[in-house]
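Dear colleague,

I am passing on the structure below, and would be glad if you could read my notes with it open beside you.

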Amino acid sequence: IKKLKKILNLSENELQNIYKRIERNASFIWIKRKVDPEQEEKVRRLSLSGIYFLEENKRFYPHGKLAAHLLGRVNIDDIGASGIEYKYNSVLEGKKGEHLILRDAKKREYRFEILKEPEAGKDLILTIDETIQYYAEKELEKAMLKTGASWGTVIISQPSTGEILAMANYPTGDLNNPPPMPLLLDRNKAIHHNFEPGSTFKIITASAALEARKVNLNDSFDCSKGFIRVAGKTIRDHELFGVLSFPEVIIHSSNVGTIQFGQLIGEEIFFKTIRAFGFGQKTGIDLPAEEKGIFRPLDNWTNISASSLSIGYEISVTATQMLQAINAIANKGFIISPKVVKKILNSPDIATEKPYRRRIISERTALLLTSILQKVVQRGTGITARIRDYKVAGKTGTTQKFDPSIGGYSSTVHTSSFAGFVPADNPVLSMVVVIDEPKGPYSGGEVAAPVFREIASLVLRHLHIPKQEEQLNTIIAEGRLRQVER
């Protein structure tokens, strides 16, 4: 054992376990599993009596850390421990066979009979686009290193189907060489981490107000004081505004204005709208251990809850829930559950989880809000998400984080986010970016929106989506052709 210690890098804990088993006269003792070929060769050269080798399988990931959290890891016995590996372990591993071996008194084999043939595991086809996943991870890492944030996530989907094209997290790790702390790879922040969304949630508040016909585009709200008092609490704007129209409240992300039209909605309508958008419940994405967020029942609301919720506080969400919500706007009012597995090959008897699709707001409401969200990017807080030659719709979010040590919200620690889709009038991709605790600039427009812009620009080129000016020319040309044909 002492000779093997250095070659196999045996820890003191491993050594103690080996010695204990020797003392108990165990007939079989694992010394080390999953050793590399170089270590194997060094051990063989020692020609130690009683030391044997057993060949085992080992996962190999050709792309290293790409999509590590999504794919998940396996344990020492190749059983899925997280991610897709865990969720679909029974599908991937197949079924064991059985054989019967008969031996004589001297343990010599004289008959071998196969009782049951083994069945190979099935292959999964994911919705993930390898190139888009690479873009998302690369740009997220750049943003994280630039801002010094604690963690970040980016999720990209095709809005009309709910298919996830990329799901990136940072920090991450290489599945071929898992980190000592497996939780780093087991905790997929995109579906596991709850956070207060802040101003990105104003999309839901505006949807409720428009759907209930409590506001129209010509309504104005006085934000000139820069603050509003609600139930003895003072809530402020990030800058001083004057009188703003309903669209301008969203465009400039005024807390004061949003609370004013939020108060017009009514608590019951607001509660039902938030639930309809999927908050406080799991999205149903086909990944394990999804969090459902925190959204209190209406009976537990206080006299400030409606105002707090209208600007994205008193509720905790996951990035996946925010993606599902922005997709409902992109889909002209239909909510659809996200998914990462497209199909299981050669297995008609095993079905993937069917996504749900239902209307939650009218097409009118969705189109009005899309128009407003375009202006957020054109001339509002999301201006850094603009992409040349494409119409982008989106909303920024900047949230003060709750600090238990002071019993209130911190003025120095924030979560920055952006949710949007492009092209706005016929979306091919939607995206949510969340950057937690950036150092230095911290607003969603400064931190998260530029990440959306960089990734979306690359993805649009990758998908060969024509510039919107080219699309217009094509439509005009096709119209002229039809006139000629007529």
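The notes that follow deal with the packing of one helix and then with the nonpolar cores.

This is a predicted model, in which local features need pLDDT of at least 70 and side-chain atom pairs count only at pLDDT 80 or more, while totals for chains, interfaces and linings use all residues. Residues are numbered from 1 along each chain as its sequence is written, and side-chain values use heavy atoms, with hydrogens and water left out.

Helix H10 (residues 202–211; helices are DSSP runs of H or I, at least four residues, numbered from the N terminus) packs on helix H16 (residues 363–379) at an angle of about 135°, their axes being 10 Å apart (axes are lines fitted to C-alpha atoms over the stretch in contact, and angles run from 0 to 180 degrees between N-to-C directions). H10 is therefore oblique to H16, oblique being what remains outside under 35 degrees (roughly parallel), over 145 (roughly antiparallel) and 65 to 115 (roughly perpendicular). The contact (heavy atoms within 4.5 Å) involves, on the H16 side, Arg364, Thr365, Leu368, Leu369 and Leu373.

With helix H12 (residues 255–265), the axis of H10 comes within 9 Å and crosses at roughly 40°, which makes H10 oblique to H12 as well.

The largest nonpolar core (buried Ala, Val, Leu, Ile, Met, Phe, Trp, Tyr and Cys residues joined through side-chain atoms within 4.5 Å, buried meaning under 20% relative accessible area with a 1.4 Å probe, protein chains only) has 78 residues, and Leu373 is among those with the most contacts inside it. Helix H15 (residues 319–330) contributes the largest share of this core, eight residues.

Best regards

Note on methods:
Helices (H or I, at least four residues) and strands (E, at least two) are DSSP runs, numbered from the N terminus. Buried means under 20% relative accessible area, exposed over 50%, partly exposed in between (1.4 Å probe, protein chains only).
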